[in-house]
Amino acid sequence: MDEINTSVSRRRFLQATGVTGAAAATAVMGVPGTGLEATSAEAQTARAQPNTVVTKNICHQCPARCGIDVYTTDGRVHAIYGTADHPISNGKLCPKGPLGVYILYDPDRWRGPMKRTNPAKGRNEDPGFVPISWDEALDTVAARLNALREAGESHRFALLYGRGWGASCAGLQGTFGKLYGSPNVAIGHSSMCSDGSIISKKMLDGNAGYNAYDYAHTNYILMFGVGFLEAFRPYNNNMQVWGHIRGRKSPKTRVTAVDVHVNTTLAASDRGLLIRPGTDGALALAIAHVILTEGLWEKSFVGDFRDGRNRFVAGQSVSPALFEEKWTQGLVEWWNVELKDRTVDWAAGITDIPADRILATAREFGSTRPAMAIYERGAHAHSNGIYNGMAIHSLNALVGSMYAVGGLMNQMGPSYGAMPADENEYMDDWAQNGAWKDMPRIDRKGSADGYLMANNMMQEVGPNHLAGNPYKLDTMMFYLTNPIWTAPNGQVWEEALKDVFIIDTSPFPSETGHYADLILPDHTYLERLQDAPTYPFQGFPMTQLRVPAVEPLHDTKYYGDVLIEIGKRMNGPMGEYYRALGDTENVLRHLAEGFRADPGDNGVTDFESWKEKGVWYKKPYIYRQVNGTFYRWDGRDYTIEMTEEEVQANLLKTPSGRFEFRSSQMEANAAWIAERTGRDPARLMFPIWEEPQHPGGGDLFLVTPKVALHAEGRGHNIPMVIAHLQPTVGGRGEAFCEINPATAEARGIGDGDMVRISSDAGEVTARARVYAGVRPDTIVLPMEYGHWAAGRWSKAVPTQHSGECTINQSDRVTGQCNYYTTKVNVTKA
Amino acid sequence: MPKWGMVIDLETCTGCQACTTACAMENNRLPGENWQDVLFYSEGSYPNMKLSWLPRPCMQCENPSCVSVCPTRATYQTEDGVVLVDWNKCIGCKYCMVACPYGVRFYMDEKPVVEPDIRAAFPGEGQRSWNPPFRMPDEYEDPSKGIGIQPKGVVSKCTFCYHKVSQAPEGVADLDEANPETREFTPACVRVCAPKARFFGDLDNPESKVNELIAEKGGVRLKEETGNKPKVYYLSGGGAPVVPGKRSTRS
């Protein structure tokens, strides 16, 4: 016990140390309200107060971008809380937020740049990494890229990225590709994320983006496969909203949640509907059917029968001439080709949800205003995802919630200033007219023989490279993505990436990093100066800033600066461009110049005040639809009525300027869609029902959700996460495979038994948790563990990786990777 | 002198465990040894299965059985009613763990909840069981109150973040994270709670928000029959008809 007492007597008044580089954004913590500021002699006599410095940062553990206050004392970062005056976090955090200290101090972090010494690559090959200097590392990359370019093969350099944050990191990549000359710089991960919602919305309302939502004012939320209280962004703010709409708001917002197992979202909702995987579109179509037959649609937005008499009767066609549409297009045609037969009883057979519950949901949703229907991967990560998404999003138009109070919006961008240099002035001949411009992308995004309408197809890069079709890559660089592990059927990537030069920039070891020839480690987020415009949130523009809490612990370099430093080493005008950029801080200072003319609501007018507050934002969202009329904000209220042309230019960006139940964009690609999918050219442009294709060869659906504690890219190696990952079924220390009692019994599987999960892609084992909350035809195994080269803690978790038995199948229209659609066999191991 | 108490609203609690992780960060808890845990329960059969959860801090009893059984008087109550452990006096006999009706006292076991043992990654010297680089400021550590890195061989428990609440301005009714004057003195689990399902204040102050909520929404305490008189109240939707607690007097 002496040690303890000694430690007490050793208390002393420590000065802040090791927290340089953040001076402008810091505030010394006192004891507000007492008059006893920590620095006063009086306070120190009363009780020694730590000399704590608070810096502003943005959480890195999911896309939500919560503003955080980082507490540093004596050079130690010891606490993280939400920033009180940040519109997303509002002083709050989700369970991941406080765990940032584990990421900063992860003992498995890379210490500095390294090169590989073992040319052989594979899961069981030791890379033989040896430390090198940053100069050697950057010179090696530049020499390689210069040589490739001079050989006329610049298209063989690909840069793949995951969570791009802002203009000072991922925002630099497109320019790099343009100046260097590669269609593969950069390839985003959006098809392995949630392009299924982005593109299904684009087909209907013309906006290729996630929606912003006015949850606080809605009276009904209908959720399809979103994990609202686990994973739907911004999770922290969702929970704040939940406390409001479910506890304090009058009237209390009613919630129906659709999923394949009982999670916290379903448990906390008024109604949980356990749906057969991939059939969410059928449920949405039946709800639309009821809304029409019972006359519940929002007539001020959709329009009405000219004589006011409702002719939507199940099974009966309607003459389009009888109906006058207002802000939509193709309602009656949709009814005639699809909806008239999509009765509640029909949907009950498809979805396995009792008809009376579908009817009750439809009537509630159709008769409560404002209401919104939201969806993500649970609904659209299937071969029919485009139609599931279109059917669900159409409900938002039917009840008039597009741009309405309590409805959906789009996200506005921040008022950034100009970059330090204009890349168009630094384009040489190769950049402007090189042969690379005729090369397809390695992932065949935008190609007729690939995914013509997709945004990205990262999941195809590994397989395409392996096949050498359309060509072989020479060099691949990775930023915040680890596709050897995260791609479906990653075993293919393990083989594919053996013969390509790999540069990884993660601060941490990973499976992709295990194959790297060069490691150029980034700072962790608490060490970075980095911008991050908001993901779609509440529509109004916002951009945040990460300010370093401490000097980098190791010999690491911010990824944005790595790109710039490589750029400076490139021959010709490209190198000049990057010398003109200088570094990322210079970029950020130029961006912040835009705030002078457009100050934030919180007084942010320049770079220094941005660092101090951590966020620039400007409320409100400037558009609003009220009873079928669109208005623009006049500075005090929504009074400026918008013309149809203005609505089309700013909001409903379709060829018709309306919400298109009959999608012009689908129709424009009808020949290609019909050829590649066999769909009926006369119907494929409407939200229709189509049976999903479930590959894999098994008899049980494998659903692999992300859970609340899934800290992007690193949760698996955080012991605090491992201790709490899957609380609903007691998943502490490992992840369990949820299996229905009847399903388990039929296979002789008992609670706690190890089970073998197999598909045509591969086989993994996991521990079974017999759980009455999961569908009998489905098993649920969180995607989290099974890492084999990413750190000491994740390697020790016995659960294996769901991806190894997930088939690489994608929605041909959206390109969405069908993560939740494989069928597997499950036996006792 | 305030009598600190907590209210947890189960109607808005989302079961996210942020209270658990924020507590662990603020108080340097080992992974999985949660002063503030969230317990999950399920009952019923498919398709009508009920999933529920209960956040569980130390109940900070007015009549704590852990204090009465402690042979060395290591466990004690402060003037403001917080039950603490003096690590300098604790001999690790675990009587208090047996006596506690709520299972909220912790002895640091040799075997970690999560392997490999994080204590090996960040080893401590002497009695200091580990020494994480993110440990709390030296000025907060106080073994006589059970605050700081838990030493080997002693029992620990939730302190209501005593290093924070004990510094609060005198006379305040509530420690509310939304109030800049009291934010830094609010317990970590309350401060972090996104749906604002937690409230912390003075049970002796009739004007406090915690008393308002207990009255308005029918706050109840767990295991009233033990006579421990917890100072943590639970709300589950409000309204008058609730299971009566010992705080109630029969009309």
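Two residues are in contact if their C-beta atoms, placed from the backbone, lie within 7 Å. Keep that cut-off in hand for the whole tour.

**Setup.** This is a predicted model: local features need pLDDT of at least 70, side-chain atom pairs count only at pLDDT 80 or more, and totals for chains, interfaces and linings use all residues. Residues are numbered from 1 along each chain as its sequence is written, while chains are lettered from A and ligands numbered from 1 in the order in which they are written.

**Stop 1: A:N238.** Select A:N238, in helix α7 of chain A. Helices are DSSP runs of H or I with at least four residues, strands are runs of E with at least two, and both are numbered from the N terminus. Leave aside neighbours within four places in sequence, and A:N238 is in contact with A:F228, A:L229 and A:F232. Is A:N238 buried or exposed? It is buried, with 25 other C-beta atoms within 10 Å. (Buried takes 20 or more such atoms, exposed 12 or fewer, partly exposed lies in between; C-beta atoms are placed from the backbone.) Now add A:C94: its C-alpha atom is 9.7 Å from that of A:N238, though 144 residues separate them along the chain.

**Stop 2: the side facing chain B.** Show both chains. The contact takes 66 residues from chain A and 63 residues from chain B. On chain A, colour α1 (2-9), β4 (76-82), α7 (235-248), α8 (264-268), α29 (719-722) and α31 (792-796); each gives two or more residues to this side. The largest share, seven residues, comes from α7(A). By class, the chain A side has 39 nonpolar, 19 polar and eight charged residues. (Nonpolar: Ala, Val, Leu, Ile, Met, Phe, Trp, Tyr, Cys and Pro; charged: Asp, Glu, Lys and Arg; polar: the others, Gly among them.)

**Stop 3: a helix pair.** Select 280-293 and 385-398 of chain A, helices α9 and α15. Their axes come within 8 Å and cross at roughly 30°. (Axes are lines fitted to C-alpha atoms over the stretch in contact; angles run from 0 to 180 degrees between N-to-C directions.) α9(A) and α15(A) are therefore roughly parallel (under 35 degrees). For residues to display, A:A284, A:A288 and A:I291 are among those of α9(A) that meet α15(A), whose partners include A:A391, A:L395 and A:L398. That contact has 10 nonpolar, three polar and one charged residues.

**Stop 4: zoom out.** Chain A holds 31 helices and 33 strands. Its C-alpha trace spans about 80 × 65 × 65 Å along its principal axes. Of its 829 residues, 61% count as buried.

Methods
Angles under 35 degrees count as roughly parallel, over 145 as roughly antiparallel, 65 to 115 as roughly perpendicular and the rest as oblique.
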